[in-house]
Amino acid sequence: MSHSRSFWSLLVILTIGAIVLFAYFGKQLSGEPALVKIDNFQLGTLIEIQAWDNSLTETEVKAAIQGAFGAISDVENTMSWNLPGSAVSRINEAAGIEPVEVAHSVIAVLSTAREVSELSGGAFDVTIGSVLRLWGFSTPGPKAPPSPADLAEALDRLDYTAVELTATAPTVYLRHVGMQMDLGGIAKGFAIDRASEKLKEAGVSNFIVNAGGDMFVSGNRNNGTSWRIGVRDPLGGDSLLCKLLISGCAVVTSGNYERFFDYNGKRYHHIINPKTGYPSVGCSSVTIITSRAEFADAVATAVFVLGPERGLDLIERLEGVEGLIVSSGDERRLPSSGFGQFLHGGSLDE
Ligand code: AMP
Ligand code: MG
């Protein structure tokens, strides 16, 4: 009797053990390495990192992702204009007074910014800060367009050629009193690149660093197929503009729906034309695909400001850059000549 009871007890224990083991190693048995997904709120948006690697344990992948979030924090602490003590705050406070010592990363971002300013004839301009503060997109409370007199005064202080970079020191100097730098059009892309480098340094080869729809994509999904990326339709809703199959590159979108306010029945959004001081007209969204998120971010903003025709021209002139512009009003979709290679199904209607 007692023998048969211990037999049944043993059988129950073994069965439970087998179930637990199967649940634990099930993924590996099915040939699918575990995909680790962690979310974090940074840079004013939800950052989602998904990663996996055959040569690493789940714990190692998690640690690598935390390292990537750390890199994003570093960028945020350095490049936010509204964080006291950040490099950008210090540069703005010393405008017209003296050069400010900064980390090499600031010089790197400002060099890319300068390059995109020159490529776009000043459509991209990080000295847009004085104008942006008047619009107050990122401050709480009711909003209204600034007065033409205030805008004219702020526009006087807008000049990317008056940003002096000394790479050897390294220092940054804004030449005129009242100039204000704002890296909102490029810092997120730079942070995505830094996070991606951290993951690669930790040996992770398959991942997506997704910062609110802007991302870097590496390797494949854990089932061996390509990562599929949905690009949001600027008209809103759940519908997608297109689905992309990409790897080893960044996808960044600038849209008029990201930050805006309505005043007297008119919508005012956060991408400003440096020539007028007003929100840029002509595009609803611009999606750029290229190897670095930092460059993609700046080019997306620049193309948005240039408008559909001149914007498409710029994309076509840049090697290794493809893009999709949605024009405002008629919502026409204008892909660059090589954009189709990234489209899931090969055409925009898929
Ligand atoms: P994005 O979503 O990358 O197009 O960036 C938009 C952000 O870039 C805005 O919220 C501003 O912080 C900044 N920005 C707006 N207009 C410009 C401009 N013409 N050049 C550079 N940065 C800009
Ligand atoms: Mg941008």
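These legends walk through a set of close-up views of one predicted model.

**View 1. The whole chain, to get your bearings.**
Before zooming in, here's the overall picture of this predicted structure. The chain is built from nine helices and 15 strands. Lay the C-alpha trace along its principal axes and it spans about 100 × 45 × 40 Å. Out of 350 residues in the chain, 48% are buried. For a feel of distance, try Ile65 and Ser254: they sit 189 residues apart along the chain, and their C-alpha atoms are separated by 26 Å.

**View 2. The magnesium ion (ligand 2) and the protein atoms that hold on to it.**
Which residues act as donors to the magnesium ion (ligand 2)? They are Gly185, through its O atom, Asp297, through both O and OD, and Thr301, through OG1. These donor atoms lie 2.0 to 2.5 Å from the ion. Read along the sequence, the donor residues follow the spacing G-x111-D-x3-T. Gly185 belongs to the loop between strand 5 (171-174) and helix 7 (187-201), while Asp297 belongs to helix 8 (residues 293-306), so this pair ties together parts that are 112 residues apart in sequence. Are Gly185 and Asp297 buried or exposed? Both Gly185 and Asp297 are buried.

**View 3. The largest pocket and what lines it.**
This view opens up about 1,300 Å³ of space, the volume of the largest pocket. Its lining takes in 49 residues, and those nearest the centre are Gly184, Gly185, Lys188, Arg259 and His270. You'll recognise Gly185 from the magnesium view, where it was one of the donors. Several elements give two or more residues to the lining, among them helix 2 (58-79), helix 5 (129-135), helix 7 and helix 8. On the strand side, that list includes strand 7 (214-218), strand 8 (228-232) and strand 10 (249-255). Sorted by class, the lining has 23 nonpolar, 16 polar and 10 charged residues. Where does the largest pocket lie with respect to domain 1 (82-174) and domain 2 (226-346)? Both domains give residues to the lining, so the pocket lies between them.

**View 4. The largest nonpolar core.**
Here we look at a set of 72 residues that make up the largest nonpolar core. Those with the most contacts inside it are Ile65, Met79, Val172, Met181, Leu183, Leu199 and Ile288. Helix 8 supplies the largest share of this core, 11 residues. Domain 1 (82-174) and domain 2 (226-346) both contribute residues, so the core lies between them. Pick out Ile65 as a landmark: this residue lies in helix 2. Ile65 has a relative accessible area of 0%, so it counts as buried. As a general point, nonpolar side chains tend to be buried together in soluble globular proteins.

**View 5. A cavity enclosed in the protein.**
How many cavities of 30 Å³ or more does a search of the whole structure find? The search turns up one. The largest cavity holds about 60 Å³ of space. Around it you'll find Leu110, Ala113, Arg114, Ser117, Val126, Tyr160, Val163 and Leu165. Helix 4 (104-119) and strand 4 (163-166) each supply at least two of the lining residues, and helix 4 gives the largest share, with four. By class, this lining is made of six nonpolar, one polar and one charged residues.

**View 6. A cis peptide bond at Pro170.**
Zoom in on the link between Ala169 and Pro170, which is a cis peptide bond with omega at about -15°. Pro170 sits in the loop between strand 4 and strand 5.

**View 7. Two residues with positive phi, Leu43 and Asn264.**
Leu43 isn't a glycine, yet its phi is positive, at about 50°. You'll find Leu43 in the loop between strand 1 (36-42) and strand 2 (45-52). Its relative accessibility is 23%, so Leu43 counts as partly exposed. Asn264 isn't a glycine either, and its phi is positive at about 45°. Asn264 has its place in the loop between strand 11 (260-263) and strand 12 (266-269). With a relative accessible area of 72%, Asn264 is exposed.

How values were computed. Residues are numbered from 1 along each chain as its sequence is written. Chains are lettered from A and ligands numbered from 1 in the order in which they are written. This is a predicted model: local features need pLDDT of at least 70, side-chain atom pairs count only at pLDDT 80 or more; totals for chains, interfaces and linings use all residues. Side-chain values use heavy atoms; hydrogens and water are left out. Donors are N, O and S atoms within 2.8 Å of the metal (3.2 Å for Na, K and Ca); water is not among the atoms, so sites may look incomplete. Buried means under 20% relative accessible area, exposed over 50%, partly exposed in between (1.4 Å probe, protein chains only). On a 1 Å grid over the protein atoms alone, a cavity is a set of points where a 1.4 Å probe fits but cannot get out, and a pocket is an open set with protein on both sides within 12 Å along at least five of seven lines; lining residues have an atom within 4 Å of a point. Grid points are joined across faces, edges and corners, and a volume is the space filled by probe spheres set on the points. Ala, Val, Leu, Ile, Met, Phe, Trp, Tyr, Cys and Pro count as nonpolar, Asp, Glu, Lys and Arg as charged, and the others, Gly among them, as polar. Domain bounds come from an automatic or database domain assignment. A nonpolar core is a set of buried Ala, Val, Leu, Ile, Met, Phe, Trp, Tyr and Cys residues joined through side-chain atoms within 4.5 Å.
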